[in-house]
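Here's a quick look at how one pair of helices packs and what sits around it. Have the viewer open as you read.

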Amino acid sequence: GTTGEPFQFSCDNESWAYRHASIMRFLELHGVRFGDSYGYFTGQHWRNELQVKTKIKDYFFNRTRLSAFSITEQSVKEAYHWLLENKATYLFGYPSTIADFAKMCTQVLDLDLNKLSLKFIMATGETLTDNQRDYIKEKFACTVGNYYGSVEGGAGAFSGLEGHMHENMETTHVFVNSEGRIFQTDLFLRKMPLIKFDMGDYCE
């Protein structure tokens with residue numbers, strides 16, 4: 001995961017398919033076509049034996065990857081020029097990494113983010129604060145959406161066009177305890193259905 005100790009679990013292909021379909025629908029809701037070039041700004045660093053496989057996946061998915069563990073002038077410059085040359089339409093990743101990228105581009109490298117002409121930025125993996133949303137929106141001059149989910153728990157919720165977070169009924173099993181408190185888990189995670197998220201909400 002993004003924080004804490006490593007955790008291994010079983011997840012079948014059907015679960016992955018529904019998760020990816022939800023992300024595709026969310027992107028298209030915000031005017032981005034799945035398959036467009038994009039920037040993948042994650043926090044994950046890769047072991048040496050995974051680097052070749054990772055590069056193949058990035059080539060296949062038409063994306064450039066920028067890790068939060070390697071924000072340098074050189075890595076940011078390379079990512080910027082890849083996005084520009086490949087006419088990328090959106091960014092997907094951690095809000096802190098996207099904000100660091102914007103800061104490095106504008107304050108250190110004097111690169112114009114408006115030239116990228118991005119249509120959308122999907123923040124995920126961390127809490128998207130109001131300050132981060134405002135900063136990213138101002139620097140890139142495009143819509144900033146929020147996606148809450150996890151590898152082990154599946155697609156949680158996506159921000160709609162009006163800004164509120166929505167659950168996806170195709171990927172979510174919502175259940176209520178005896179006190180009326182709502183919990184959510186991946187509907188298709190049949191092999192290991194123990195991951196439950198407390199939504200912090202109640203119903204009657």
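A crossing is called left-handed if the near helix is turned anticlockwise from the far one by less than a right angle, and right-handed if clockwise. Keep in mind that this is a predicted model. By that rule, helix 4 and helix 5 make a left-handed crossing. Their axes come within 10 Å and cross at roughly 45°, which makes helix 4 oblique to helix 5.

Here's who does the touching on each side:

| Helix | Residues in the contact |
|---|---|
| Helix 4 | P95, S96, I98, A99, F101, A102, K103, T106, Q107 |
| Helix 5 | Q132, Y135, I136, K139, F140 |

Sorted by class, that contact has 8 nonpolar, 4 polar and 2 charged residues.

Now for the core. The largest nonpolar one holds 26 residues, and L91, F101, L113, I121 and F140 have the most contacts inside it. Helix 3 (73-85), helix 4, strand 4 (120-124) and helix 5 (130-140) each give it two or more residues, with helix 4 giving the most, at 6 residues. Looking past its sequence neighbours within four places, F140 is in contact with L91, I98, F101, A102, L113, N114, L116, L118 and I121. Another core, of 12 residues, lies apart from the largest one, and L27, Y90, F92 and F158 are among its members.

One more stop: is T97 buried or exposed? T97 sits in helix 4 (residues 95-108), and it counts as buried because its relative accessibility is 1%. Again leaving aside neighbours within four places in sequence, T97 is in contact with F41, T42, L66, S67, A68 and I71.

Definitions and conventions. Residues are numbered from 1 along each chain as its sequence is written. This is a predicted model: local features need pLDDT of at least 70, side-chain atom pairs count only at pLDDT 80 or more; totals for chains, interfaces and linings use all residues. Side-chain values use heavy atoms; hydrogens and water are left out. Helices (H or I, at least four residues) and strands (E, at least two) are DSSP runs, numbered from the N terminus. Buried means under 20% relative accessible area, exposed over 50%, partly exposed in between (1.4 Å probe, protein chains only). Contact means heavy atoms within 4.5 Å. A nonpolar core is a set of buried Ala, Val, Leu, Ile, Met, Phe, Trp, Tyr and Cys residues joined through side-chain atoms within 4.5 Å. Axes are lines fitted to C-alpha atoms, for helices over the stretch in contact, and angles run from 0 to 180 degrees between N-to-C directions. Angles under 35 degrees count as roughly parallel, over 145 as roughly antiparallel, 65 to 115 as roughly perpendicular and the rest as oblique. Ala, Val, Leu, Ile, Met, Phe, Trp, Tyr, Cys and Pro count as nonpolar, Asp, Glu, Lys and Arg as charged, and the others, Gly among them, as polar.
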